[in-house]
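Open the model in your viewer and keep the selection tool at hand. The tour goes from the ligand to the sheet and then to the helices on it.

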Amino acid sequence: MKLAFFDTKPYDKPAFDQFAAEAGIKIKYYETKLNEDTVDLAAGADAVCVFVNDTVNAEVIDRLQQLGVRTLALRCAGFNNVDVKHAFGRIHVVRVPAYSPYAVAEHAIALLLTSVRRIHKAYIRTRDFNFSLNGMTGFDLHGKTVGVIGTGRIGRVFIDICRGFGMKVLAYDKYPAADLDNGDTVRYVSLDTLFANADILSLHCPLTEDTYHIINEKTLAACKRGVVLINTSRGALVDAEALLAAIKARQVGAACLDVYEEESDLFFEDNSGHILEDDTLARLISMPNVIVSSHQAFLTEEALSNIAETTVQNLLAMESGQCPNEVCFRGDAAEDCKTGKCF
Ligand code: NAI
């Protein structure tokens, strides 16, 4: 099998080279992202492999189909960048539903601790032999209430870690888990109750029509004053302009962002020699109480290995007709395919 691999980064290759060689898959790596202009690079490939910021719209899907590409393998969990409705019946779409929920949950906690204990400031100060503690006062996580939106794989690991810190958890999920609410330290509540009571808010739901800008001017105003927002899920869950305004108004105490609504042309690339055109992002980054990482929550050795292994397994499974990780659009919902009858 031949695989055209888009948006390649040096850290992608070792694990993919290993698992693909074992499976007899030949990979052509391209640094460019997949989009309308680059899709022809997939000529001759049986499958393409893409990541979160490749563009897989109707035009790209049609061209891939014309080129004889049978499978689109996402090396990530989210598929909001794929027009899955249009893909239905044209190209198989497979994904890696879980590769390391620990990687993302632990990164969310890393951002939170960095923010509330001012580690990002301390690192810079002490390198300059500035040992002053002025302005470094943080707060204990113990006893605080964390609001968690989305209690799937990552949300649950995040909740476990928070409980280890002695935090109370208020959770919201469109499809609550039967075994999570213990009536005490972890409670499912309405979004209104969650916003009104959380000292810290962490987003672990997918980006859908329901969750687009779930954090907006209105919901930020409904939060406790000084709330700390963590977003390691998808940028467009948060209205960035509204967040900026709420930070300026001191309504939001701190923001920890691993994702950003307009990240696709910026994140994963070295833009240090360029003038940043995005004023909202530039202003957010300039704030002392905002920490931005560039969609790196997934980036652990374990996750990279799991991503490569599952992607290769997905491709082999798809060749033999059915893959449990196929994303399939039926009726009004995209979900993993339970039937293998997507065409
Ligand atoms: P998951 O599918 O296990 O859990 C998602 C949860 O969100 C489910 O419990 C689901 O019921 C819930 N949900 C769906 N619609 C909702 C709504 N309207 N309101 C509230 N909850 C809703 O997914 P997982 O593995 O926990 O990943 C969560 C998200 O994390 C992914 O969708 C992805 O966007 C993001 N992610 C980010 C990474 C990064 O590097 N920053 C890496 C991997 C995932």
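Which polar backbone atom is 3.5 Å from a nitrogen atom of the ligand? Select K174: the backbone atom belongs to this residue. Keep in mind that this is a predicted model.

Stay with the ligand and select T232. A backbone N or O atom of T232 lies 2.9 Å from a ligand nitrogen. Next, select G152, where a backbone N or O atom is 3.3 Å from an oxygen atom of the ligand. On its own the ligand has 860 Å² of accessible area, and the protein covers 86% of it.

Now show the whole shell of 23 residues around the ligand. The closest are Y99, R153, I154, D173 and T232. Colour the shell by class: 9 residues are nonpolar, 8 polar and 6 charged.

Hide the shell and show the strands. Look for an open sheet of 7 strands with mixed pairing, in the order 2-1-3-4-5-13-14. Its edges are strand 2 (26–29) and strand 14 (333–336), each paired on one side only. On average, neighbouring strands of this sheet are turned by 30° against each other, direction ignored.

Select residues 71–74 and 92–94, which are strand 4 and strand 5. These two strands run parallel and are joined by 3 bridges. Within them, L72 stands opposite V93.

Last, add the helices. Helix 11 (residues 301–319) packs on the sheet and touches strands 1, 3, 4, 5 and 13; its direction makes about 160° with that of strand 4. Helix 1 (residues 13–23) lies across strands 1, 2 and 3, at about 155° to strand 2.

Methods: Residues are numbered from 1 along each chain as its sequence is written. This is a predicted model: local features need pLDDT of at least 70, side-chain atom pairs count only at pLDDT 80 or more; totals for chains, interfaces and linings use all residues. Side-chain values use heavy atoms; hydrogens and water are left out. A residue is near a molecule or strand if one of its heavy atoms lies within 4 Å of it. A polar contact is a pair of N or O atoms within 3.5 Å; within protein, one must be able to donate a hydrogen and the other to accept it, and residues adjacent in sequence count only if both atoms are side-chain atoms. Accessible areas come from the Shrake-Rupley method with a 1.4 Å probe; for residues, only the protein chains shown count as cover. Ala, Val, Leu, Ile, Met, Phe, Trp, Tyr, Cys and Pro count as nonpolar, Asp, Glu, Lys and Arg as charged, and the others, Gly among them, as polar. Two strands pair if DSSP finds at least two bridges between them. Helices (H or I, at least four residues) and strands (E, at least two) are DSSP runs, numbered from the N terminus. Axes are lines fitted to C-alpha atoms, for helices over the stretch in contact, and angles run from 0 to 180 degrees between N-to-C directions. Contact means heavy atoms within 4.5 Å.
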